[in-house]
Amino acid sequence: MTEQLDVEGVLNAADDTRDDLPPGTILGHVHLSVSDLAYTRQFYTTILGLDLKYQFGRQADFYAAGLYHHQIAANTWQRPQLPKLSTVKRGLAGFTIEMSDEAFNQLLGRLKTMDTPFKELSPTSIRLTDPNGIPVRVSI
């Protein structure tokens, strides 16, 4: 017999004391709920330099570097016009992309040429925000 998941019960039981993953955790890829695929696509391809590997109609895009099928997916399945993240909502607080020295330096050049705001965290790490309000850290 299949029973409906008690979503509210699960959310109420969540322990909100942790705001990060354990040190050393590596994720192979992330799936993002976004409000607008066109703006998201422009950010991840034109600015970050990832390749658009696959499109699922007007509902989802899949981005990757190199030959992998995707490291980042973005979809509008949550709902149209999803608001940007706020600090009081549950959800992804951000993620890190690791790049080679060469790719990182190319990214810095694109950011400056396109006048895209970012914050330098160190000589080998920056933080910028995607069009959905998701903080993206990029490091060598």
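# Close-ups of a predicted model

**View 1. Lys119 and the residues it touches.** Setting aside residues up to four places away in sequence, Lys119 touches Ser125, Ile126 and Arg127. This is a predicted model, so keep that in mind for every view here. Lys119 sits in strand S6, and with a relative accessible area of 47% this residue is partly exposed. Look across to Thr129 as well: it comes 10 residues away from Lys119 along the chain, and the two C-alpha atoms are separated by 9.6 Å.

**View 2. The whole chain, before we zoom in again.** The protein chain has three helices and eight strands. If you read along the sequence, they follow the pattern α-β-α-β-β-β-β-α-β-β-β. Of the 140 residues, 28% count as buried. The chain exposes about 9,800 Å², and carbon and sulfur atoms supply 53% of that area. Now for the contacts: taking those with a separation of 6 or more, 50% come from residues 24 or more positions apart.

**View 3. Inside the largest nonpolar core.** Nonpolar side chains tend to be buried together in soluble globular proteins. Here, the largest nonpolar core has 24 residues. Which of them have the most contacts inside the core? They are Tyr44, Leu48, Ile72, Phe95 and Val138. Several elements give two or more residues to this core: helices H2 (37-47) and H3 (101-113), plus strands S1 (30-33), S4 (72-75), S5 (95-98), S7 (125-129) and S8 (135-139).

**View 4. Phe95 and its company.** Phe95 is one of the core residues with the most contacts inside the core. What is Phe95 in contact with, once neighbours within four places in sequence are left aside? The list starts with Val30 and Leu32, then runs through Tyr44 and Ile72. It ends with a run of four: Ile134, Pro135, Val136 and Arg137. Two of the names in that list, Tyr44 and Ile72, also appear among the core residues with the most contacts.

**View 5. Aromatic rings, side by side in sequence and far apart.** The model has four aromatic pairs. One of them joins Phe43 and Tyr44, with 4.8 Å centre to centre and 85° between the planes, which makes the pair edge-to-face. Are these two buried or exposed? Both Phe43 and Tyr44 are buried. Another edge-to-face pair is Phe56 with Trp77, at 6.3 Å centre to centre and 85° between the planes. This pair links distant parts of the chain: Phe56 belongs to strand S2 (residues 51-56), while Trp77 is in the loop between S4 and S5, 21 residues apart. Phe56 is partly exposed, with a relative accessible area of 41%. Back at the other pair, Phe43 and Tyr44 join Tyr63 in one aromatic cluster.

**View 6. The salt bridge between Asp61 and Arg41.** How many salt bridges does the structure hold? There is one. Asp61 forms it with Arg41, and the closest N and O atoms are 2.8 Å apart. Again, the pair links distant parts of the chain, with Asp61 in strand S3 (residues 60-64) and Arg41 in helix H2, 20 residues apart. Asp61 is buried, with a relative accessible area of 0%, whereas Arg41 is partly exposed at 23%.

**View 7. Asn75, a buried residue in strand S4.** Asn75 has its place in strand S4. Why does Asn75 count as buried? Its relative accessibility is 8%, and buried means under 20%. Leaving aside neighbours within four places in sequence, Asn75 is in contact with Leu32, Ser33, Val34 and Leu37, along with Gln59 and Ala60.

**View 8. A nonpolar patch on the surface.** Four residues make up this patch: Leu5, Val7, Val10 and Leu11. Together they have about 350 Å² of accessible area. Leu11 is found in helix H1 (residues 7-13) and is partly exposed, with a relative accessible area of 36%.

**View 9. Asp115 and its positive phi.** Most residues other than glycine have a negative phi. Asp115 has a positive value instead, near 55°. You'll find Asp115 in the loop between H3 and strand S6 (119-122). With a relative accessible area of 68%, Asp115 is exposed.

Technical notes: Residues numbered from 1 in each chain as written. Predicted model: local features only at pLDDT ≥ 70, side-chain atom pairs only at ≥ 80, totals over all residues. Heavy atoms only, no water. Core = buried A, V, L, I, M, F, W, Y, C linked by side-chain atoms within 4.5 Å. Buried < 20%, exposed > 50% of the residue type's maximum accessible area, 1.4 Å probe, protein only. Helix = DSSP H or I, 4+ residues; strand = E, 2+ residues; numbered from the N terminus. Contact = heavy atoms within 4.5 Å. Patch = residues over 30% accessible without salt bridge, like charges linked within 9 Å, V, L, I, M, F, W, Y side chains within 5 Å. Areas by Shrake-Rupley, 256 points an atom, 1.4 Å probe, with all protein chains shown as cover. Salt bridge = Lys/Arg side-chain N within 4 Å of Asp/Glu carboxyl O. Phe/Tyr/Trp six-rings, centres within 6.5 Å; stacked < 30°, edge-to-face > 60°.
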